[in-house]
Amino acid sequence: MRVLLVSPRFHGYWRSIAAALSAAGHQVRAHPYDQRSAGALVAHKLGRELPARLAGRPATGAEGTLTRRAVALLRESRPEAVVVVRGDGLGPAFYEELDAARVPRVLWLYDEVRRTGWSPETLRAVGPVATYSPLDAAALGLRYLPLAFDPAVADLHQVARTDDVVFIGARYLSREEVLVGLQAAGVPVRAFGRDWSRHLLDRARTWGGARPGVPSGRDVSRAEGYRLMAGAGGALNLHGDQDGFTMRTFEASGVGGLQLLDRDDVGELYEPGVELLTFTGVEELVDLVRRARHEPGWAETVRARGRERTLAEHTFAHRVGVLEELWSTWG
């Protein structure tokens, strides 16, 4: 089928979804709907984010422009099915165009509904919906579809092993407390991302602010992040107030990393203590890291079993069948 994939550019995951759809035999055209030029990004930062920050309100987006582009592409490409990822950055005109053209579609959410621009009412109007959130799936009658790993992105030929426990991602207070606690216990840690970085450009991009006293690095590509997690003494996966499991859950284990997960309700996806390690506080986390260092054979077994489970059940190729099933139910 001719499939149009409409997705945020977020870390390039749209490429992985497009590749999985193509591997399933579809002719895929991908549209990262929030892609902007460097000039447009600067204009948004200064023209929208800065005034909003000074006024103490959320920044508004360029929804109208993004929607018009998506509608034009929909008309031009004439797809036989459309996969929309998240999709709340597009206005009603896009979904009205889908309805007018009677195109089968499916919407896949990688955030809880409360964190998006969607509501239960608007979701019911757009067609079949899949979500990474088990609670939203149960409460709203949506299809539960976990996120996934793309092994094609993982170039593991240049992995350097270290004792560091690494974290890659945004900095929130709860995450900062975990890394600071590890460091205080004598565990070497390193955090990567613009919120942690002390680089002048990253400070400007994140509007400055103090950084915690943990070793840090700048944003890394997915491929580089995979190498870091594969080689680290432990790959932290910190969720906070989320009930779905993030991409990191599948990536950290998929690359053969020793995943250290802050939740113990992962049993439907992985076996805790066998395929990854779970903890409920910094003290327990420190004990796990020390055991892994003193029992390398045990740690290597956890790494291997986590990777095996991921490749057997949790790649994007495994998710395509559900997307196909859902778009076939539309109408």
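Two strands pair if DSSP finds at least two bridges between them. Strands (E, at least two residues) and helices (H or I, at least four) are DSSP runs, numbered from the N terminus. The model is predicted: local features need pLDDT of at least 70, side-chain atom pairs count only at pLDDT 80 or more, and totals for chains, interfaces and linings use all residues. Residues are numbered from 1 along each chain as its sequence is written, and side-chain values use heavy atoms, with hydrogens and water left out.

**Exercise 1. The sheet with E8 and E9**

Task: Give the strand order of the open sheet that holds E9, and find its edges.

Solution.
- Step 1. The order is E9-E8-E7-E10-E11-E12, six strands with parallel pairing.
- Step 2. E9 (216-217) and E12 each have a single partner strand, so one side of each lacks a neighbour in the sheet.
- Step 3. Take one edge. E8 (residues 189-192) pairs with E9 in the parallel sense over two bridges. Phenylalanine 192 stands opposite glycine 217 in E9.
- Step 4. Add a helix. H7 (residues 173-184) packs on the sheet and touches E7, E8 and E10 (contact: heavy atoms within 4.5 Å). The direction of H7 makes about 155 degrees with that of E8. Such angles run from 0 to 180 degrees between N-to-C directions, with axes fitted to C-alpha atoms, for helices over the stretch in contact.

**Exercise 2. Strand E10**

Task: Identify the bridge partners that involve E10, and decide whether its faces are covered or open.

Solution.
- Step 1. E7 and E10 run parallel, paired over two bridges. Here valine 166 has alanine 235 as its bridge partner.
- Step 2. E10 and E11 are also parallel, joined by three bridges. Leucine 236 is matched with leucine 260 in E11.
- Step 3. Both faces of E10 (residues 234-237) are covered. Gly234 and Leu236 are buried on one side, Ala235 and Asn237 on the other. Buried means under 20% relative accessible area, exposed over 50%, partly exposed in between (1.4 Å probe, protein chains only).

**Exercise 3. The other sheet and its helices**

Task: Work out the order of the sheet that contains E3 and E4, then place H4 and H13 on it.

Solution.
- Step 1. This open sheet has six strands in the order E2-E1-E3-E4-E5-E6, with parallel pairing. E2 (27-32) and E6 (143-144) are the edges; each has a single partner strand, so one side of each is without a neighbour in the sheet.
- Step 2. E3 (residues 81-85) and E4 (residues 105-109) pair in the parallel sense over four bridges. Valine 82 stands opposite arginine 105.
- Step 3. H4 (residues 92-101) lies across E1 (2-7), E3 and E4, at about 160 degrees to E3. H13 (residues 316-328) touches E1, E3, E4, E5 (129-131) and E6, and its direction makes about 135 degrees with that of E4.
- Step 4. Check the length of H13. Its 13 residues should span 18 Å (1.5 Å times one less than the number of residues). The end C-alpha atoms are 19 Å apart, which agrees.
- Step 5. List burial. Among the buried residues of H13 are Phe316, Val320, Leu323 and Trp327.

**Exercise 4. The nonpolar cores**

Task: Which residues touch the most other members of the largest nonpolar core?

Solution.
- Step 1. Set the rule. A nonpolar core is a set of buried Ala, Val, Leu, Ile, Met, Phe, Trp, Tyr and Cys residues joined through side-chain atoms within 4.5 Å.
- Step 2. Of the 46 residues in the largest core, the answer is Val83, Trp108, Met229 and Phe316. Elements that each supply at least two residues include E3, E4, H9 (222-231) and H13.
- Step 3. Look around phenylalanine 316. Its contacts include Tyr13, Ile17, Trp108, Phe149 and Met247, leaving out residues up to four places away in sequence.
- Step 4. Apart from this core lies another, of 24 residues, among them Val165, Phe167, Trp196 and Val289.

**Exercise 5. Aromatic pairs**

Task: Classify the pair of phenylalanine 149 and tyrosine 226, and say which parts it ties together.

Solution.
- Step 1. Rings of Phe, Tyr and Trp (its six-membered ring) pair if their centres lie within 6.5 Å; planes under 30 degrees apart count as stacked, over 60 as edge-to-face and the rest as tilted. The count is eight aromatic pairs.
- Step 2. The centres are 5.6 Å apart and the planes at 55 degrees, a tilted pair.
- Step 3. Phenylalanine 149 lies in the loop between E6 and E7 and tyrosine 226 in H9, so the pair ties together parts 77 residues apart in sequence.
- Step 4. Phenylalanine 149 is buried at 0% relative accessible area, and tyrosine 226 is buried at 1%.
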